[in-house]
Amino acid sequence: MLSSMAATGSVKAALQVAEVLEAIVSCCMGPEGRQVLCTKPTGEVLLSRNGGRLLEALHLQHPIARMIVDCVSSHLKKTGDGAKTFIIFLCHLLRGLHAVTDREKDPLMCENIQTHGRHWKNCCQWKFISQALVTFQTQILDGIMDQYLSRHFLSIFSSAKERTLCRSSLELLLEAYFCGRVGRNNHKFISQLMCDYFFKCMTCKTGIDVFELVDDYFVELNVGVTGLPVSDSRIIAGLVLQKDFSVYCPADGDIRMVIVTETIQPLFSTSGSEFILNSEAQFQTSQFWIMEKTKAIMKHLRSQNVKLLLSSVKQPDLVIYYAGVNGISVVECLSSEVVSLIRRIIGLSPFVPPQAFSQCEISNTALVKFCKPLILRSKRYVHLGLIGTCTFIPHCVVLCGPVQGLIEQHEDALHGAFKMLRQLFKDLDLNYMTQTSDQNGTSSLFIYKNSGESYQAPDTGKGSIQRPYQDTVVENKDELEKPQTYLKVHSNLVISDVELETYIPYSTPTDTFQTDETLKCLSLERNRLTDDYEPLLKNNSTAYSTRGNKRIDISYENLQVTNITGKGSMLPVSCKLQNMGASQSYLSSSMPAGCVLPVGGNFEILLHYYLLNYAKKCHQSEETMVSMIIANALLGIPRVLYKSKTGKYSFPHIYIRAVHALKTNQPLVSSQTGLESVTGKYQLLTSVLQCLTKILTIDLVITVKRHPQKVHNQDSEDEL
Amino acid sequence: MSRLEAKKPSLCKSEPLTSERVRTTLSVLKRIVTSCYGPSGRLKQLHNGFGGYVCTTSQSSALLSHLLVTHPILKILTISVQNHVSSFSDCGLFTAILCCNLIENVQRLGLTPTTVIRLNKHLLSLCISYLKSETCGCRIPVDFSSTQILLCLVRSILTSKPACMLTREETEHVSALILRAFLLTIPENAEGHIILGKSLIVPLKDQRVIDSTVLPGILIEMSEVQLMRLLPIKKSTALKVALFCTTLSGDISDTGEGTVVVSYGVSLENAVLDQLLNLGRQLVSDHVDLVLCQKVIHPSLKQFLNMHRVIAVDRIGVTLMEPLTKMTGTQPIGSLGSISPNSYGSVKDVCAAKFGSKHFFHLIPNEATICSLLLCNRNETAWDELKLTCQTALHVLQLTLKEPWALLGGGCTETHLTAYIRHKTHNDPKSILKDDECTQTELQLIAEAFCSALESVVGSLEHDGGEILTDMKYGHLWSVQADSPCIANWPDLLSHCGCGLYNSQEELSWSFLRSTRHPFVPQTCLPLEAVGSASNLTLDCLTAKLSGLQVAVETANLILDLSYVIEDKN
């Protein structure tokens with residue numbers, strides 16, 4: 001019964017799904033990519049090259065496909081780029097895994113076991129591979145990025161310290177971005193538009209907050225106009241509100257404005273209160289009072305030079321009339337997003353009509369440069385010249401296009417570009433484990449497999465991959481706990497000599513220089529230490545576990561633990577935290593904001609090259625395998641990018657040239673101009689690996705007829 | 001629970017343009033729009049088969065809004081044409097036909113979409129820069145000091161819409177009316193920023209077209225009895241007007257979110273009515289002569305005002321509010337008390353007017369930028385078509401005011417342009433290709449496809465089996481009737497070119513439009529004296545045509561670039 005409803009979740013099934021998705025997304029990938037037309041259930045049409053949108057539009061039913069789409073959209077939410085690359089990379093990874101396991105399966109399969117049994121067994125194997133992937137992602141990848149790849153990085157900033165951005169490098173970055181996002185006849189224009197917008201909005205002091213502002217309020221910062229050619233799109237200084245004036249009184253000179261969030265006219269009764277009318281005269285008097293009060297408020301606003309009233313609610317006729325009489329322009333029914341955007345730009349709080357009326361000055365008014373109607377294709381808008389108080393100089397993008405679907409595509413792409421820039425302007429923290437064993441001073445990475453798995457070993461039971469020292473670690477568990485608690489006490493203390501003593505016993509004797517170095521680092525980053533308290537503790541525990549091993553398996557330990565050289569000099573970026581165990585160290589470093597690489601698969605080829613190198617030095621078969629699979633899958637991306645190119649520019653030529661250059665330590669020459677964000681690529685890689693891990697850990701997909709419990713609960717609440 | 005139903009998977013199709021179904025539907029659409037094009041275009045009757053409204057038209061705006069298009073690719077095409085029409089009113093069919101032709105022609109070539117799109121874009125910018133340049137041989141400056149060219153422009157629009165069913169005489173009459181209506185909307189003493197007024201089209205169906213007329217001011221339709229009660233009014237000076245946007249019916253306005261408790265015996269209606277009568281007293285003491293209200297006026301107040309010789313007109317509706325505000329210079333009043341004296345406006349005079357069976361209350365302004373165009377036509381469908389045409393013409397005149405140029409119509413611009421493109425791509429391909437990756441052969445192929453698409457648009461002007469020729473000097477269009485004798489003496493058969501600028505008595509040589517011929521340089525820089533002498537030109541709006549050309553090429557590029565269609569089946 002169950003088996004008929006359940007589908008086995010395997011690499012093969014996932015691969016089939018991924019290949020279908022790959023076929024669709026690869027046609028819109030890269031500069032040669034084409035458009036896809038989607039229809040919405042409402043009958044509207046949408047043009048798109050945005051991988052995320054396409055995947056969502058497909059409404060996939062296959063459970064694995066849905067999982068993949070979920071992973072892609074959560075990745076997109078964060079970075080705004082890379083959905084197509086995600087699918088292609090994932091597909092290649094699955095292909096690699098499938099090929100490897102097919103080969104490995106043969107000796108295992110010689111036993112005559114039942115298919116179900118074999119399936120479960122395979123699943124255990126997948127689990128180990130997925131664990132290896134996790135370890136790779138959390139402990140090795142960052143190291144490779146930091147120690148090898150970083151030497152190839154370029155910076156988008158002309159001056160790294162002040163983060164000044166020159167137009168030409170931004171143009172290169174954006175052009176490469178839009179190449180993959182909008183139609184090829186418009187990408188140059190759109191990227192110029194974005195560039196203009198960027199430099200018009202930003203001041204020299206622009207920080208990350210401006211990107212956040214633009215990203216959060218992008219919908220409010222652009223206006224779509226259909227029926228005009230794309231080339232009519234432009235940038236307008238100030239803010240365009242997608243509403244018409246309820247009253248417009250031309251004004252110039254000193255224009256002040258107020259924002260209101262409730263009706264200005266006082267009402268008979270507010271909610272929860274009761275107004276008792278005893279006579280007709282009382283009614284007339286109250287009406288008269290309301291009228292006079294409204295009149296007085298509007299007059300007062302006028303006397304304060306307020307000439308513009310922005311309201312988030314509809315104002316009664318009376319208010320509109322007195323506004324007109326007093327020469328105050330009114331815009332009503334503004335959405336809460338628009339109001340909060342205006343408030344963020346000029347830092348203005350809403351005006352509340354005073355209860356007890358006084359002639360006091362209204363504090364929350366703001367100066368505007370101008371305020372006039374703007375007509376775009378016979379539709380009227382309000383054009384507002386705000387004077388920003390933050391580093392953002394308000395500007396609006398007017399996007400034109402023959403159809404709404406195209407405008408939406410451009411809007412989407414521009415929004416994504418801001419997301420991408422937002423990520424690019426952030427430092428990226430890298431945490432990894434390193435094993436320094438090389439005498440020559442070049443550190444090689446090493447993953448201490450055993451420590452990572454010591455806790456998982458009881459759960460997994462006896463997998464197909466055997467480890468000789470597994471049991472011993474479990475036995476040593478009690479011993480491990482003691483030093484752990486010891487450290488817990490101390491790590492909250494201010495760093496002192498005591499701590500030096502704490503560390504020394506656990507370092508190898510040859511390592512005194514190293515310890516000093518560590519201490520120096522620690523005291524420099526004193527405040528940082530408490531933040532990193534958690535990883536520190538965890539790191540220690542792994543360090544102890546190896547100590548435990550050392551006693552038992554001396555020969556193994558000797559192989560790994562050789563003398564450790566000073567680390568400070570080798571790190572490309574300043575080392576923030578080091579905690580030394582016997583044989584390995586956890587490093588935290590960071591990739592500075594604005595790291596870029598030339599486009600055209602440079603990142604992939606570089607990472608491929610260094611991963612292969614790493615795999616050669618690697619001692620464990622699993623590590624080698626995972627690194628090889630990832631390295632080979634990476635090449636799938638440039639292969640798609642160079643699909644249509646021939647001769648000198650075909651993929652094999654590019655690849656061979658790049659590898660040759662790397663071997664002979666020559667600079668890489670890219671055939672294409674354009675830059676791409678390293679942060680984006682890195683995040684993509686980790687997202688894909690996480691997604692793959694997710695896929696591999698599932699062994700069975702069970703279809704249930706019932707609605708999921710959560711939905712049911714929600715429903716019953718609605719009924720109540 | 002049913003609303004939580006899972007979404008159906010979408011339908012995903014690759015390479016949509018290669019499918020036979022798409023090709024057929026595209027060619028059906030093309031046939032529909034092609035057969036409507038031009039003065040001799042065929043009319044389409046649109047009805048739903050269950051009775052009701054029947055639309056007879058040959059205009060793109062009416063045609064496309066009634067057509068139910070289901071295929072997403074066709075949807076893109078029709079929506080982009082409709083969007084163009086709603087921004088520029090004119091050249092919708094031109095855009096649609098050109099777009100269809102481009103898609104069809106390019107598909108036959110079998111070049112990669114990248115190349116096609118890139119080259120189409122180059123050719124488009126070549127066209128645009130030529131049409132905007134000083135040396136352009138197919139555009140003429142519009143002189144606003146005389147009505148001649150403006151009349152030509154309006155007349156060309158009217159004649160290209162055969163569903164209006166106008167005779168030659170009627171066309172002349174309506175053209176003149178449209179031009180007058182347009183000129184009335186231009187403020188007399190404008191400095192710097194001009195704000196145009198508005199022409200309101202007032203329907204008068206089942207009347208002779210010749211009875212159509214233009215009046216300054218606003219006409220409010222009302223019954224004869226009502227009108228008799230209001231008029232006559234005897235006053236020599238201008239009338240003081242109060243315009244209310246709030247209701248004067250005695251409703252109790254918004255009382256807030258809480259509850260209002262009214263004690264027994266208290267009548268709020270009376271209280272409000274008192275208030276209204278107080279308002280009436282204020283109006284009378286302010287010497288207001290005319291009270292206009294968007295909504296309803298309470299009968300008691302109305303009677304009170306009438307007693308004091310104040311004209312009260314209610315239920316004006318929201319559409320007339322803006323023109324009324326503009327014309328009378330009032331501030332719409334939203335208050336039932338304490339009206340500021342400068343909220344009042346004025347009109348020069350009011351009178352009764354009768355057109356056909358309808359009676360109107362006519363407000364005559366002091367300074368007119370608002371006028372009413374009373375439009376008559378024999379039946380409803382013809383009237384609808386005429387109204388659309390008038391709106392188009394008024395819009396085109398506004399666009400021409402912004403950009404005072406007109407293109408030669410009747411297909412001459414298109415043939416001239418193709419001659420120019422052929423000449424350019426043949427003699428100077430490097431300047432078009434710049435540093436692109438495309439080859440000259442590819443350029444020649446695409447240019448030929450582009451030119452023949454433009455020529456097919458021109459070819460669809462001819463619906464009666466006639467032949468279309470082009471001359472080898474100006475590159476203009478000449479058409480011959482179908483039943484003309486064999487090719488003996490061209491100058492006798494042809495009288496004038498499509499736009500009417502040149503006649504056949506010049507020493508010209510002709511060739512058939514679709515025949516192969518050597519590229520030649522069409523004469524650029526239109527001589528001004530030639531324009532001055534010609535009285536009956538066919539002209540097109542430059543702004544609308546430029547945008548139509550751009551939209552057609554952009555849309556074709558968009559459709560050619562499609563690699564997948566994902567249809568949401570929910």
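**Exercise 1. Find the bridge partner of L243(B) in strand 10 of chain B, then work out the sheet around it.**

Step 1. In strand 10 of chain B, L243(B) has L292(B) as its bridge partner. Before going on, note that this is a predicted model, in which local features need pLDDT of at least 70, side-chain atom pairs count only at pLDDT 80 or more, and totals for chains, interfaces and linings use all residues. Residues are numbered from 1 along each chain as its sequence is written, chains are lettered from A and ligands numbered from 1 in the order in which they are written, and side-chain values use heavy atoms, with hydrogens and water left out.

Step 2. Strand 8 (residues 239–244) and strand 10 (residues 290–293) of chain B run parallel, joined by 4 bridges. Strands here are DSSP runs (E, at least two residues) and helices are too (H or I, at least four), numbered from the N terminus; two strands pair if DSSP finds at least two bridges between them.

Step 3. Zoom out: the open sheet in chain B has 4 strands, ordered 11-10-8-12, with mixed pairing. Strand 11 (311–313) and strand 12 (345–347) of chain B sit at the edges with a single partner strand each, so one side of each has no neighbour in the sheet. From one strand to the next, the twist averages 30° (axes are lines fitted to C-alpha atoms, for helices over the stretch in contact, and angles run from 0 to 180 degrees between N-to-C directions).

**Exercise 2. Describe the open sheet 4-16-20 of chain B and say which helix lies across its strands.**

Step 1. These 3 strands pair antiparallel. Strand 4 (139–141) and strand 20 (539–541) of chain B are the edges, each with a single partner strand, so one side of each is left without a neighbour in the sheet. The twist averages 40° from one strand to the next.

Step 2. Strand 16 (residues 405–408) and strand 20 of chain B share 3 bridges in the antiparallel sense; L408(B) has L539(B) as its bridge partner in strand 20 of chain B.

Step 3. Helix 6 (residues 148–159) of chain B lies across strand 4, strand 16 and strand 20 of chain B, at about 85° to strand 20 of chain B.

**Exercise 3. How much area do chain B and chain A bury, and what joins them?**

Step 1. The contact (heavy atoms within 4.5 Å) takes 77 residues from chain B and 69 residues from chain A. Between them the chains bury about 6100 Å², 55% of it on carbon and sulfur atoms; buried area is the accessible area (1.4 Å probe) that two parts lose on being put together, summed over both. In chain B, L558(B), Y564(B) and I566(B) lose the most area to chain A, together 10% of what that side buries.

Step 2. Now the salt bridges (a side-chain nitrogen of Lys or Arg within 4 Å of a carboxyl oxygen of Asp or Glu): the count between chain B and chain A is 2. E15(B) makes one with R34(A), with the closest N and O atoms 3.0 Å apart.

Step 3. Check the strands too: strand 11 (residues 274–277) of chain A runs parallel to strand 9 of chain B, with 4 bridges joining them. L277(A) stands opposite V262(B) in strand 9 of chain B.

**Exercise 4. Which parts of chain A does the salt bridge between R167(A) and D196(A) tie together?**

Step 1. Over all chains, the structure holds 36 salt bridges. In the one between R167(A) and D196(A), the closest N and O atoms are 2.6 Å apart.

Step 2. R167(A) lies in helix 7 (residues 167–179) of chain A and D196(A) in helix 8 (residues 187–201) of chain A, so the pair ties together parts 29 residues apart in sequence.
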